[in-house]
Amino acid sequence: MSASLVKVGHWRIAIIDDESSAAFQIAEWLTWSTPASTVSPVPSVRFVIEIFRPLGGRNSRALLGGELSKAKDLSVRVAQSSPIGAGGEASCRSRLGRDLVAGLPPEFAEAVLKSLVRCLPVLGSGAVVIDRAGYDDVDSSPSAFEHAATLLLGLLHGRAVASNAESVVEDIVSSW
Amino acid sequence: MTGWLPSSAQRRLARFVAAEGGAFTADDLGTVREYLSSQGFLDDPANNAMVDRIQSAIDSGRPLTEGEQNFMTHELTEANLVNDGMSQEAAHEIASGTHPPFSNYDPAVISQYPDLFNENWFHYWEGR
């Protein structure tokens, strides 16, 4: 699994092809779909991204991954894990700090879905499935996962249209 | 526990731990504000809100709350370790050991910015 690291302002970003340790037990799927405005011939593409920003009293951290594939509609499926607890087993590999807990608790899954639905029209059509996630029981927040979802969708779309991943990251993170 | 730290850092850390109980001064807050600003951490609205609350408490003579005291202890410890040459990440880990997890932001600030904190932070303050 190859990874590249990018620094944009105070943010550190890891772009990873895939991360099997971020797969988790799924409690529920959150779904959303709408008819496509245009049909885009997107190839299937998968990414995992990790974001980290120090804030002094705490950090801002999230790891999120998934796949974009061709579809007639525009749809999102977000895998949700059990709720957050303190002291969960950190079995998800991190490139940016201490290892993470594999999973996407409801408070983060809802933030991811909200963020994806807001940005999704850029795709035209396609199916996005979120099935990789890792969180820190102190440093992760709904806001961090909203950022991660925006960045992941940008990378999936960018790969589909053959954009350079690092320039996509710089464009998106600079706007945070 | 801190024997591996430089002696100057040990003295400063001891001073800040001793200051728990609310005896932080306007100078201490100035050090925290300067450190947070130098690192770009005042972009964070929760940090800004904590600094504003503590400034208001010092100005009015109100004793600091538990969250405010822990915030000051954490940030002063981190600031002085960084100023002594330690990396921010290592200094943050040590500073995080000066208080229980989830306790270094006041619950009013956590409630003001719920998207910036996860449920563990809310649970810590429930019933306290």
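I started with the largest nonpolar core of this predicted model. It holds 48 residues. Ile49(A), Leu64(A), Val112(A), Phe145(A), Ala148(A), Leu151(A) and Leu152(A) touch the most other members. I then looked up which element gives the largest share of this core. That is helix 2 of chain A, residues 142–160, with nine residues.

Next I took Ile49(A) and left aside its neighbours within four places in sequence. Ile49(A) is in contact with Ile13(A), Ala14(A) and Ile15(A). Leu64(A) and Gly65(A) are also on its contact list. So are Ala148(A), Leu151(A), Leu152(A) and Leu155(A).

I noted a second, separate core of 22 residues. Leu36(B), Val51(B), Phe71(B) and Phe117(B) are among them.

Then I turned to the contact between the chains. Chain B puts in 23 residues and chain A 14 residues. On the side of chain B that touches chain A, I found at least two residues each from helix 2 (26–39), helix 4, helix 5 and helix 7 (119–125). Helix 4 of chain B gives the most, with four residues. I sorted the residues of this side of chain B by type: eight are nonpolar, nine polar and six charged.

Last entry: helix 5 of chain B, residues 88–96. Which of its residues are buried? I list Ala91(B), His92(B) and Ala95(B). They lie on the same side of helix 5 of chain B, because they cover an arc of only 105° around the axis. I also checked what these buried residues pack against. They meet strand 4 (45–54) of chain A together with helix 4 (66–83) of chain B.

Key. Residues numbered from 1 in each chain as written. Chains lettered and ligands numbered in written order. Predicted model: local features only at pLDDT ≥ 70, side-chain atom pairs only at ≥ 80, totals over all residues. Buried ≥ 20, exposed ≤ 12 C-beta atoms within 10 Å, placed from the backbone. Arc of directions from axis to C-beta. Contact = placed C-beta atoms within 7 Å. Core = buried A, V, L, I, M, F, W, Y, C linked by C-beta atoms within 7 Å. Nonpolar A, V, L, I, M, F, W, Y, C, P; charged D, E, K, R; others polar.
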